[in-house]
Amino acid sequence: MKLILMGPVGSGKGTQGGMIATEYNIPQISTGEIFRTNIKNNTELGKIAKEYIDRGDLVPEELVNKLVADRLAQSDCANGFILDGYPRNLSQAQELEKLTDIDLALMIDLSEEKIIERLSSRRMCTKCAQPTSTDWMVDGKCEKCGGEVYTRDDDKPEVIKNRLQKQAVPQDMIDFYKNKGVFNKIESRDTKEETYSVVKSILNQVNND
């Protein structure tokens, strides 16, 4: 199974990717993970990427494509993989097509209203540094350790709206995968288990085809 996960921040696609990876025993790959691994291992590509990151610049698309190609060539991807956060645009999708065929491009969507509600309820603990939620807290404090909590700047409604606009999945990339007959879109459910039930039914259908 060679799978691409798409969707807005807060849709839960990262969580779903982890659940798929566990059940199907294939790696979940993000560009952030690729960057961190290459920088940690001091690879040639990692050294170049680190120069851009240290300056606060975006890593050039050509370098991102090379890093992804290098990652997909590794042995743990032989039986499939999950790409989370790549490709981000049509150009990257076209580059990926040169490397391999994709079985499914799955978009996990969620309305802006629900995303803002979901993300703005997140809190961070000042004591154990773990994320929590207003739904889980006990007496306004972290349910794990009782520490004071705060709202991260990027979980404030106005910031979330800006992130959603900047990180929207491009329509031409959606059309690219639709034309290939591998695009599918679902709505994120209230719980990760409910969403995964829908995801799994799509994966089973793809496998059977």
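Let's start with helix α9, residues 192-208, in what is a predicted model. Thr195, Tyr196, Val198, Val199, Ile202 and Leu203 are the buried residues of α9. Look down the axis of α9 and you'll find these buried residues within an arc of 160°, so they line one face of the helix. There's a simple rule behind patterns like that. An α-helix has 3.6 residues a turn, so residues three or four places apart point the same way.

What sits over that buried face? The cover for the buried residues of α9 includes strands β1, β4 (104-109) and β8 (183-187), along with helix α1. As for its length, α9 has 17 residues and runs 24 Å from its first C-alpha to its last, which is close to the 24 Å expected at 1.5 Å a residue.

Helix α9 also takes us to the pockets, since it is one of the elements that supply at least two residues to the lining of the largest pocket. The others on that list are β1 (2-6), α1 (13-24), β2 (28-30), α2 (31-40), α6 (112-120), β6 (131-133) and α7 (157-166). This largest pocket has a volume of about 1600 Å³. It has 49 lining residues, and Val9, Gly10, Ser11, Gly12 and Leu119 are the closest to its centre. Sorted by class, the lining comes out as 15 nonpolar, 20 polar and 14 charged residues.

Now hop over to the second largest pocket, with about 250 Å³ of space. Thr31, Phe35, Leu58, Val59, Glu61, Val64, Gly85, Tyr86, Arg88, Asn89 and Gln92 make up its lining. Two elements give two or more residues each to the lining of this second pocket: α2 and α4 (61-72). By class, you'll count five nonpolar, four polar and two charged residues there.

Tyr86, part of that second lining, is worth another look. Which way round is the peptide bond from tyrosine 86 to proline 87, cis or trans? That bond is cis, with omega near 0°. Proline 87 itself belongs to the loop between β3 and α5 (90-99). For background, most peptide bonds are trans.

Step back along the chain to strand β3 (residues 81-84), and you'll meet phenylalanine 81. Is phenylalanine 81 buried or exposed? Its relative accessible area is 2%, so phenylalanine 81 counts as buried, the cut-off being under 20%. Leaving aside residues up to four places away in sequence, phenylalanine 81 touches Met1, Lys2, Leu3, Ile26, Pro27, Ile29, Leu72, Thr100 and Ile102. Take Met1 from that list: methionine 1 and phenylalanine 81 are 80 residues apart along the chain, yet their C-alpha atoms are separated by 6.5 Å.

Last stop: a couple of spots in loops with an unusual backbone angle. Most residues other than glycine have a negative phi. Asparagine 42, though, has a positive phi, near 55°. You'll find asparagine 42 in the loop between α2 and α3 (44-54), where it is partly exposed, with a relative accessible area of 49%. Alanine 129 also has a positive phi, near 60°. Alanine 129 is in the loop between β5 (122-125) and β6, and with a relative accessible area of 48% it is partly exposed.

Conventions. Residues are numbered from 1 along each chain as its sequence is written. This is a predicted model: local features need pLDDT of at least 70, side-chain atom pairs count only at pLDDT 80 or more; totals for chains, interfaces and linings use all residues. Side-chain values use heavy atoms; hydrogens and water are left out. On a 1 Å grid over the protein atoms alone, a cavity is a set of points where a 1.4 Å probe fits but cannot get out, and a pocket is an open set with protein on both sides within 12 Å along at least five of seven lines; lining residues have an atom within 4 Å of a point. Grid points are joined across faces, edges and corners, and a volume is the space filled by probe spheres set on the points. Helices (H or I, at least four residues) and strands (E, at least two) are DSSP runs, numbered from the N terminus. Ala, Val, Leu, Ile, Met, Phe, Trp, Tyr, Cys and Pro count as nonpolar, Asp, Glu, Lys and Arg as charged, and the others, Gly among them, as polar. The expected span of a helix is 1.5 Å times one less than its number of residues. Buried means under 20% relative accessible area, exposed over 50%, partly exposed in between (1.4 Å probe, protein chains only). The arc is that of the directions from the helix axis to the C-beta atoms. Contact means heavy atoms within 4.5 Å.
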